[in-house]
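Work through these exercises with the model open beside you. Try each task before you read its solution.

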Amino acid sequence: MYFRKASQYLAEELDIKMPEGEVSGTWFVENNLPMVVRCSDCGSTMALPSALIDEDGDIFCSSCVESY
Ligand SMILES: [Zn+2]
């Protein structure tokens, strides 16, 4: 499987540029994106900037990605 960081996925697929460093709650609201997402494999929640997204748009945490 092929994973991209959330920031890279958003830039390439949706043309949304995630700010560097700490992302404010306002940014998520303005871009209509969730601040917290759930790993589609283990179900744990994480902040969107630390999520990894596969080619189908499914969201994974870093520990699940490492086990692939
Ligand atoms: Zn996971």
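## Exercise 1: Read the fold

Starting at the N terminus, the elements of the chain follow the order β-α-α-β-β-β-β-α. The model is a predicted one.

**Task.** State how many helices and strands the chain has, and decide how compact the chain is.

**Solution.**
- Step 1. Count the elements: there are three helices and five strands.
- Step 2. Take the radius of gyration, which is 12 Å. The globule rule gives 11 Å for 68 residues. These values are close, so the chain is as compact as a globular protein of that length.
- Step 3. Add the outline. Along the principal axes, the C-alpha atoms fill a box of roughly 35 × 20 × 20 Å.
- Step 4. Add burial. Of the 68 residues, 12% count as buried.
- Step 5. Look at contacts between residues at least 6 apart in sequence: 32% of them join residues at least 24 apart.

## Exercise 2: Build the sheet

**Task.** Find the order of the three strands in the open sheet, and say which strands lie at its edges.

**Solution.**
- Step 1. Recall the rule: strands of a sheet pair through backbone hydrogen bonds, either parallel or antiparallel.
- Step 2. Read the order, which is 1-4-5, with antiparallel pairing.
- Step 3. Find the edges. Strand 1 (3-5) and strand 5 (59-60) each pair on one side only, and these are the edge strands.
- Step 4. Check one pairing. Strand 4 (residues 52-54) joins strand 5 over two bridges, in the antiparallel sense. Here Ile 53 stands opposite Ile 59 of strand 5.
- Step 5. Add the helix. Helix 1 (residues 6-14) packs on the sheet and touches strand 1 and strand 4. The direction of helix 1 makes about 95 degrees with that of strand 1.

## Exercise 3: Locate the core

**Task.** List the residues of the largest nonpolar core, then name the elements that each supply at least two of them.

**Solution.**
- Step 1. Write down the eight residues: Ala 6, Tyr 9, Ala 51, Leu 52, Ile 53, Ile 59, Phe 60 and Cys 61.
- Step 2. Assign them to elements. Helix 1, strand 4 and strand 5 each supply at least two residues of this core.
- Step 3. Follow one member outward. Leaving aside neighbours within four places in sequence, Leu 52 is in contact with Phe 3, Arg 4, Lys 5, Phe 60, Ser 62 and Val 65.

## Exercise 4: Judge exposure

**Task.** Is Val 37 buried, partly exposed or exposed? Do the same for Cys 64 and Met 35.

**Solution.**
- Step 1. Fix the cut-offs. A residue is buried with 20 or more other C-beta atoms within 10 Å, exposed with 12 or fewer, and partly exposed in between.
- Step 2. Val 37 belongs to strand 2. Val 37 has 19 C-beta neighbours inside 10 Å, so Val 37 counts as partly exposed. Beyond four places in sequence, Val 37 touches Thr 45, Met 46, Leu 48, Ala 51 and Ile 59.
- Step 3. Cys 64 sits in helix 3 (residues 62-66). Cys 64 is partly exposed because 17 other C-beta atoms lie within 10 Å. Cys 64 touches Cys 39, Asp 41 and Cys 42, not counting residues up to four places away. Cys 42 is 22 residues from Cys 64 along the chain, and their C-alpha atoms are separated by 7.3 Å.
- Step 4. Met 35 lies in the loop between helix 2 and strand 2. The count for Met 35 is 13 other C-beta atoms within 10 Å, so Met 35 is partly exposed. Among the residues that Met 35 touches are Gly 25 and Phe 28.

## Exercise 5: Spot the unusual backbone

**Task.** What is the sign of phi in Asp 15 and in Asn 32? Where does each residue lie?

**Solution.**
- Step 1. Recall the background: most residues other than glycine have a negative phi.
- Step 2. Asp 15 has a positive phi, near 60 degrees. Asp 15 is in the loop between helix 1 and helix 2 (25-30).
- Step 3. Asn 32 also has a positive phi, about 55 degrees, although Asn 32 is not a glycine. Asn 32 lies in the loop between helix 2 and strand 2 (36-38).
- Step 4. Check exposure. Asp 15 has 7 other C-beta atoms within 10 Å, so Asp 15 is exposed. Asn 32 has 7 as well, so Asn 32 is exposed.

Definitions and conventions:
Residues numbered from 1 in each chain as written. Predicted model: local features only at pLDDT ≥ 70, side-chain atom pairs only at ≥ 80, totals over all residues. Pairing = 2+ DSSP bridges. Helix = DSSP H or I, 4+ residues; strand = E, 2+ residues; numbered from the N terminus. Contact = placed C-beta atoms within 7 Å. Axes fitted to C-alpha atoms, helices over the stretch in contact; angles between N-to-C directions. Core = buried A, V, L, I, M, F, W, Y, C linked by C-beta atoms within 7 Å. Rg over C-alpha atoms; globule rule 2.2 N^0.38 Å.
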